[in-house]
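Hi,

Here's the structure I said I'd pass along. Have a look at it first, and my notes come right after.

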Amino acid sequence: MIKASHLSVRLSGTQVLHGVSIEAAAGQLTAIVGPNGSGKTTSLKAIAGELPYAGTVHINGHDIKTLKPWELALKRAVLPQSTVISFPFTVREIVRMGLSVGAKADAEETDRIASDALEAVDLSGFAGRFYQELSGGEQQRVQLARALCQIWEPVGYGEPAFLLLDEPVSSLDIRHQLTIMRLARNFCERGGGVIAIMHDLNLTAMFADRMIMMKAGRVHATGHPNEVMTNAVMEAVFGCAMRVNATPGGNIPFVLPHTAA
Amino acid sequence: MHRSEMVAGDGRSQSFAARLKSEWHMGDRSRLAQLLILVLLVAAAAMFAASIMTGAADASLGNVLRWLLGMEGAEQALSVRDRIIILDIRLPRAVLGMLVGASLAVSGAVMQGLFRNPLADPGLVGVSSGASLGAVLLIVLGSSFFGPLFAIFGFYALPVAAFCGGLITTLLLYKIATRSGQTSVATMLLAGIALGALAGAVTGVLIFMADDKQLRDLTFWGLGSLAGANWMKILSAGPIILVSLAVVPFLARGLNALTLGEAAAFHMGIPVQRLKNIAIVSVAASTGASVAVSGGIGFVGIVVPHVLRMLIGPDHRYLLPASALLGGTLLIFADMIARTIVPPAELPIGIITAFAGAPFFLWILLRGRAHMGL
């Protein structure tokens, strides 16, 4: 369980978050959505522990301010939006960096985890490629494999681990969007937890258990996608009137930009 | 029997090469790196021996070794003059070359890891100028201002002063060039030039104030040379260099993670602030100690790690020890050229490293523009 309470963050003099409270349970995919600049990434960075903030963040009951970096690294892994590097590392070397945290098994075991992680993000056969020569979407999937290696067991050391994903599918083609969302779901089903910042509302509605809608540094609405994705919320948050529909069989809400007034 | 053995032998040697090749294709360069470190170790030893034997006085390796090991009959083979030349001139010079070369190359590699940029180098971004300023301050204002420093540190005073100069420059540079965990290449290089120029200007004022004896001491810093090598210098700078080299292997994993950015390194469990502090102090200490004994020798710190990254990749667990070995070997080699190319005179070694290093640096720039965001 990740429990962030009353987070407030100031970045270079501007109040970016105004008392944001976010909860994410193990076994659930929690999606944070909202317009550009609504504080999604800042919230995730505060939860990851990389920003100074007012308020509290607890992971599995531990205040993250009391945990050492390596202790934190065993409880959560983070996928940033994009990562540019200036040294010619291979894909394999990058993915294995995730494995060097914590006490991991022998060399063969780590090799197996690294190649399984690459397979999970559909990059088998990319191990020997240079990271800098990959496309943006491929680089993002390498980073996800690296983060996965860090908490390879969704329930490790007797407690659930969490994946914090900042726009995990934003630069992916539609097939790989599905691959990665299924991977995140699967991580939840095996007992871990996921917090993902999403822009694609329809994909979010398909995969998320809970949706946190943010606006201007505050949480505007929280709940199951069915409850959050309503005509009223769309207009209030995004400032454009759109009709929310539901798929015939599954009752999954979706919006089409075509319906915008 | 004979035939089958040969086949088996062939098969083994081929399978090792084949293994290296298949690992390379899988993106695994660790065995290759270990092999290279072994080769560099041998090369360093060979260069060290060659350096002791090279020069006007003739001394064969066998005789020198036998004499140094105190074996019978070696006394007669070497004249007293030869023995003095070897023990008090060539040996300290080779040892100092190895220490300073290793320190320059490793400082370069650590600084590049810290700034996440292959162009960072203590010589290039003003850290060496800062260290020189520290040393010059001590020489010129010496006894009147820094009496206590001499009292406390004795003959370590000069390396310590250079260390302080280097540390202040590095800290300033890091503060200026890094904003919210991201280091700007352009800011770093430009700020480095400005800081270097500032340190140079202050050094200029001090030189203007210096008397004749101090001037003779000072000209030495402008060029960089191993010519004054003696056991005293090794005793004063050696321990500082060795300690900062000994710390560096513990930074390797952190520097690897730092490649992905400060936030990502923190996410992976690295205590980033502590890593940066240790890296900055160790770079400043080894640069300061090197500058104090040999002046500013340029480009070793940028060329050596770059060549090694092309061969074995940027993994700091292998890059750092390999840099130490190759840096030491190349500096001894450059020194051999410096003292034999215009006999009986001697070129300052900084000229040799600049002639070899500057074109190489330009080549890196042109080749890597796309990747380095220039």
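Below is what turned up, going from the chain contact to a helix pair and then the core.

One thing up front: this is a predicted model.

Starting with where the chains meet: chain A and chain B each put 27 residues into the contact. On the chain B side, the elements giving two or more residues are helix H11 (252–258), helix H12 (262–267) and helix H16 (349–372). H12(B) has the largest share of that side, with 4 residues. By type, the chain B side that touches chain A splits into 12 nonpolar, 10 polar and 5 charged residues.

Next, a helix pair inside chain B. Helix H5 (residues 80–114) and helix H13 (residues 272–294) of chain B have axes that come within 9 Å and cross at roughly 150°. The crossing of H5(B) and H13(B) is left-handed. H5(B) brings residues including B:Leu96, B:Val100, B:Leu104 and B:Met111 to the contact, while those from H13(B) include B:Lys276, B:Ala279, B:Val283 and B:Ser290. The residues of this H5(B)–H13(B) contact come out as 11 nonpolar, 7 polar and 1 charged.

Last, the core. Which residues touch the most other members of the largest nonpolar core? They are A:Ala145 and A:Ala184, in a core of 184 residues. H5(B) turns up again here, giving the largest share of this core with 15 residues. If you leave out residues up to four places away in sequence, A:Ala145 touches A:Val95, A:Ala117, A:Leu118, A:Ala120, A:Val121 and A:Leu123.

Cheers

Key. Residues are numbered from 1 along each chain as its sequence is written. Chains are lettered from A and ligands numbered from 1 in the order in which they are written. This is a predicted model: local features need pLDDT of at least 70, side-chain atom pairs count only at pLDDT 80 or more; totals for chains, interfaces and linings use all residues. Two residues are in contact if their C-beta atoms, placed from the backbone, lie within 7 Å. Ala, Val, Leu, Ile, Met, Phe, Trp, Tyr, Cys and Pro count as nonpolar, Asp, Glu, Lys and Arg as charged, and the others, Gly among them, as polar. Axes are lines fitted to C-alpha atoms, for helices over the stretch in contact, and angles run from 0 to 180 degrees between N-to-C directions. A crossing is left-handed if the near helix is turned anticlockwise from the far one by less than a right angle, and right-handed if clockwise. A nonpolar core is a set of buried Ala, Val, Leu, Ile, Met, Phe, Trp, Tyr and Cys residues joined through C-beta atoms within 7 Å. A residue is buried if 20 or more other C-beta atoms lie within 10 Å of its own, exposed if 12 or fewer, and partly exposed in between; C-beta atoms are placed from the backbone.
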